[in-house]
Amino acid sequence: MTRTTPHDDSLPHAPDPLYRRVAGRLLDELRLGAVPPGERLPGERRLAERFGVSRETVRQALEVLRRDGLVATDRRGSHVTLPGPPAGSQASLTFPVGARAAEPGTGDRATVVWEAPPPEHAAALGLAPGRPTLVHRYVSATPDGTGRRTAVTSFSAVALAEVAELARYRDRADGSGSAQLRRAYDWMRRAGLSLHHRDTITPLADTPAVRVTRRVHDQYARPLEITDLVVDSQRDLLVYEFTLPAAG
């Protein structure tokens, strides 16, 4: 009686190593645009927590993506190199919400202070009552005094810890000098944060004004900032215009 030996391809395949599975899951997220091209990936510790693996496994997974030319690493960490528009190449969400484009004759002023935010802001950002943070104030009005807009933005401890450009304002946040933070959202994205926002519009009683409240959080549902904008005009048009990065 002759015994036959099964062909190699009939043998069960060994499962992919854990780090390759992590690399595959991370690549799927990058292709969906979770981190736009050119922006930093979360750190190894954060990725390890997200995928429930060790930092060494994350390190091996990133090495797989590096060898395939999908991520690159420099002194600031790993960033995405999938094909697509670089971070900041497209228009981003306007900061603060409701800020006007520069127009002749339109006066606007923006300052920052280091102080306790409004109580509702502290609650939304998870700050203890009375704890100071970076607070941004914006005022804009047309020459005849109509079309007045005022916005107050409070930043979370997470935003100040993750975004170096914002943290630098703490030492000069005395409310005296101009502080144009128009690129705040770009800074957040460059720090590896994906931005998710929710805007709520509420008419104010007995006035022609409306209040817009914007809450922004990152991909881990951590609050980054909250803004209250009041538009004081009967016919002022509030326009939202933004472009999201395309998926790679």
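The following paragraphs go through salt bridges in this predicted model.

The structure contains 11 salt bridges in total. One of them lies within a helix: Arg 45 pairs with Glu 49, and their closest N and O atoms are 3.3 Å apart. Both residues belong to helix H2, which covers residues 44-51, and because they are 4 residues apart there, about one helical turn separates them. As for solvent contact, Arg 45 has a relative accessibility of 49% and is therefore classed as partly exposed, the cut-off for exposed being over 50%. Glu 49, with a relative accessible area of 55%, counts as exposed.

A second case involves residues from separate parts of the chain. Glu 162 forms a salt bridge with Arg 222, with 3.5 Å between the closest N and O atoms. Glu 162 sits in helix H5 (residues 157-162), whereas Arg 222 is in the loop between strand E7 (210-217) and strand E8 (223-232), so this pair ties together parts that are 60 residues apart in sequence.

Arg 222 also takes part in another salt bridge, this one with Asp 218, where the closest N and O atoms are 2.7 Å apart. Is Asp 218 buried or exposed? Its relative accessibility is 1%, so Asp 218 counts as buried, since that term applies under 20%.

Salt bridges also join residues into a network, whose members are Glu 44, Arg 55, Glu 56 and Arg 59.

Technical notes
Residues are numbered from 1 along each chain as its sequence is written. This is a predicted model: local features need pLDDT of at least 70, side-chain atom pairs count only at pLDDT 80 or more; totals for chains, interfaces and linings use all residues. Side-chain values use heavy atoms; hydrogens and water are left out. A salt bridge is a side-chain nitrogen of Lys or Arg within 4 Å of a carboxyl oxygen of Asp or Glu. Helices (H or I, at least four residues) and strands (E, at least two) are DSSP runs, numbered from the N terminus. Buried means under 20% relative accessible area, exposed over 50%, partly exposed in between (1.4 Å probe, protein chains only).
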